[in-house]
Number of protein chains: 2
Amino acid sequence: MTHYEDPFYRLPSIPASFMSTYQRSCLVCYLKHYIDLSDVDQGLIAELEQEERSVTARERVLSGGDAVRMLFVIKSGWLFQDTDLADGRRHLVRTLLPGDVYGLGELSNTHASTHLTACTDAVICPFPKAALSTIILRSPRLAALLLDLSARDQVLYVDRLRAASRMSAKSRVLSLLLTMLDRLRVTGEGRGDAMDLPLNQSEIGDLLGLTNVSVSKAMVELQQSGVIERRRSRVTLLDRLAAAESVDHVDRYSSLDTAWFPDPSATG
Amino acid sequence: MTHYEDPFYRLPSIPASFMSTYQRSCLVCYLKHYIDLSDVDQGLIAELEQEERSVTARERVLSGGDAVRMLFVIKSGWLFQDTDLADGRRHLVRTLLPGDVYGLGELSNTHASTHLTACTDAVICPFPKAALSTIILRSPRLAALLLDLSARDQVLYVDRLRAASRMSAKSRVLSLLLTMLDRLRVTGEGRGDAMDLPLNQSEIGDLLGLTNVSVSKAMVELQQSGVIERRRSRVTLLDRLAAAESVDHVDRYSSLDTAWFPDPSATG
DNA sequence: CGCATAATTGATGGTTATCAAGACCAGTGG
DNA sequence: CCACTGGTCTTGATAACCATCAATTATGCG
């Protein structure tokens with residue numbers, strides 16, 4: 001059994017090196033969970049966050065069809081990628097939390113396939129697509145890490161695809177909550193098994209392929225059956241491991257396979 | 001309007017350079033559609049296909065949970081990645097056609113998250129995960145291309161996620177057919193708008209989140225409304241562009257954004 | 001307090017799942 | 001040639017689940 005399959009696996013606590021020279025770089029903090037970063041690496045990443053842009057809740061940062069010139073490191077706040085469907089409905093493609101990078105999934109597109117919308121007030125750091133070339137040239141290990149992150153995003157989509165295809169409304173909502181807790185734990189924001197969910201039920205529905213009504217009913221049921229507690233936008237999972245078991249949930253954020261990476265001594 | 005949005009966009013015909021030194025490398029043929037490959041690049045890729053392994057239809061090549069030591073270039077035949085659900089049903093994660101690479105989406109996993117099953121007789125070329133490190137070190141442009149391919153796989157999952165979340169059974173089946181035709185056109189196997197589909201309706205159902213019964217009904221309807229023709233396993237789209245329009249289908253295979261790639265002169 | 005947004009609740013209908021039976025087809029062997 | 005076989009596909013009946021619609025209640029903010 002690998003730790004991927006181990007319901008009792010727990011993420012190691014945040015190392016002391018967390019507070020480094022580049023502590024202000026969200027992405028450095030995030031990536032340090034997965035590999036040791038050389039000074040060169042940290043410098044390369046920190047450069048991506050040279051510029052900052054503040055956006056306000058509900059602001060549309062990018063529209064589908066726009067040329068994708070810049071990618072964004074999310075420094076604070078939540079955003080999501082969404083598209084409009086022909087019949088007027090909306091599909092929420094993914095959410096973006098601090099430490100996430102918008103655009104790794106749009107690399108192959110010259111034009112954005114989705115909108116990018118701020119969910120809460122947020123700070124994002126734009127950097128040009130071509131900055132990834134610099135990273136590839138200068139740091140093979142970071143290049144490998146980028147591939148790994150892209151692969152993980154694929155796995156996450158696969159998980160959601162299975163959920164949307166084959167799971168009940170209640171299970172889908174529960175899966176979402178579990179995944180969100182996993183994500184928050186990476187950056188240390190997740191304290192215990194509770195979280196603030198800045199998405200309303202219509203947005204959750206658009207994320208899961210449900211209506212706001214079904215989301216409401218699913219959450220009421222989850223609450224009444226003692227799986228979750230709610231107060232305002234705060235949701236608490238009362239028994240996270242049991243919940244994870246019940247929907248075959250796997251934590252995709254606890255670690256990445258980095259064994260295949262180039263040797264740290266190798267330079268690009 | 002970009003060509004992504006242009007329903008009349010057609011893939012440029014296969015360039016003469018198709019017949020190169022490495023013509024026996026499936027992947028070289030495939031990738032040449034997207035960027036010019038230097039001799040070094042072609043050598044690196046061809047090395048991935050040094051070894052060959054033949055598998056027979058229905059053979060399970062890899063089981064979920066197995067350590068992922070090797071990735072595979074698909075040289076001929078069809079395969080798919082599938083998982084078993086808790087209730088005994090099956091989910092088909094993706095299909096793999098010649099030129100595809102199994103494992104780019106499993107890079108971040110030490111152990112396979114899905115089974116790998118041969119759909120028809122097939123020839124696959126195993127290569128170690130670490131070979132990607134070599135590519136990253138030696139060819140920045142290929143590294144960028146790998147990132148691009150991974151990004152495109154993400155986009156494809158997003159398309160399917162939207163379909164599974166919000167589209168009718170009939171539209172989902174039609175979307176699948178359109179995507180398959182797009183894929184076959186890259187390697188030149190797709191002649192016109194007809195194809196042989198080596199998947200039975202249960203497999204199509206597991207791919208789309210439907211039952212075999214719903215797939216059957218959807219296909220009968222598509223046939224009766226004059227959208228498709230069927231004979232045995234052969235399916236023909238009678239008006240591909242109109243069909244694509246009707247389900248908001250976008251060809252993700254016609255091109256990739258490679259403008260952000262490192263300069264060809266740059267060496268890793 | 002009053003307004004706007006969000007969440008809940010109940011009634012109804014549509015789409016697909018489920019179940020079951022039969023048709024079709026290719027291959028096999030008597 | 002024909003019966004038999006196993007797989008696949010089709011068809012119809014029923015049921016489950018979620019969407020949709022509409023009305024009400026709750027929440028948050030000025």
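A salt bridge here is a side-chain nitrogen of Lys or Arg within 4 Å of a carboxyl oxygen of Asp or Glu. The legends below describe a predicted model.

**View 1. Salt bridges and polar contacts link the two domains of chain A.** Between domain 1 of chain A and domain 2 of chain A there are 3 salt bridges. One salt bridge joins Arg183(A) and Asp100(A). The closest N and O atoms of Arg183(A) and Asp100(A) are 2.6 Å apart, which is within the 4 Å cut-off. Residue pairs in polar contact between the two domains number 6, with both residues at pLDDT 80 or more. On the side of domain 1 of chain A that touches domain 2 of chain A, strand β5 (residues 90–96) of chain A gives the most, with 7 residues.

**View 2. Domain 1 of chain A meets domain 2 of chain A.** Domain 1 of chain A covers 3–154 + 254–266, and domain 2 covers 168–246. Their C-alpha centres lie 23 Å apart. In this contact, 23 residues of domain 1 of chain A touch 21 residues of domain 2 of chain A. The two domains bury about 1800 Å² between them. Of that area, 60% is on carbon and sulfur atoms. Which residues of domain 1 of chain A lose the most area to domain 2 of chain A? They are Trp78(A), Arg90(A) and Leu92(A). Together these residues account for 29% of what the domain 1 side buries.

**View 3. Chain A, the fold as a whole.** Chain A holds 8 helices and 11 strands. It has 268 residues, and 57% of them count as buried. Consider contacts in chain A between residues at least 6 apart in sequence. Of these, 73% join residues at least 24 apart.

**View 4. Chain B packs against chain A.** The size of an interface is often given as the accessible area lost when the parts come together. Chain B and chain A bury about 5300 Å² between them, with 64% of it on carbon and sulfur atoms. Gln154(B), Arg166(B) and Trp260(B) supply 16% of the area that chain B buries against chain A, more than any other three residues. From each chain, 60 residues take part in the contact.

**View 5. Charged and polar pairs join chain B to chain A.** The interface of chain B and chain A has 4 salt bridges. In one of them, Asp206(B) pairs with Arg166(A), and the closest N and O atoms are 2.7 Å apart. Polar contact is found for 15 residue pairs across this interface, both residues at pLDDT 80 or more. Elements giving two or more residues to the chain B side are β5 (90–96), α3 (131–138), α4 (140–166) and α6 (201–208) of chain B. The largest share, 20 residues, comes from α4(B).

**View 6. Two edge-to-face ring pairs, one in each chain.** A pair of aromatic rings is described by the distance of the centres and the angle of the planes. Over all chains, the count comes to 6 aromatic pairs. Among them are Tyr30(A) and Tyr34(A), with ring centres 6.0 Å apart. Their planes stand at 65°, so the pair is edge-to-face. Tyr30(A) counts as buried at 5% relative accessibility. Tyr34(A), at 9%, also counts as buried. In chain B, the ring centres of Trp260(B) and Phe261(B) are 4.9 Å apart. Their planes lie at 80°, so this pair is edge-to-face too. Trp260(B) is buried, with a relative accessible area of 4%. Phe261(B) is buried, with 7%.

Methods:
Residues numbered from 1 in each chain as written. Chains lettered and ligands numbered in written order. Predicted model: local features only at pLDDT ≥ 70, side-chain atom pairs only at ≥ 80, totals over all residues. Heavy atoms only, no water. Phe/Tyr/Trp six-rings, centres within 6.5 Å; stacked < 30°, edge-to-face > 60°. Buried < 20%, exposed > 50% of the residue type's maximum accessible area, 1.4 Å probe, protein only. Domains from an automatic or database assignment. Contact = heavy atoms within 4.5 Å. Buried area = accessible area lost by both parts, 1.4 Å probe. Polar contact = N/O pair within 3.5 Å; in protein donor to acceptor, adjacent residues only side chain to side chain. Helix = DSSP H or I, 4+ residues; strand = E, 2+ residues; numbered from the N terminus.
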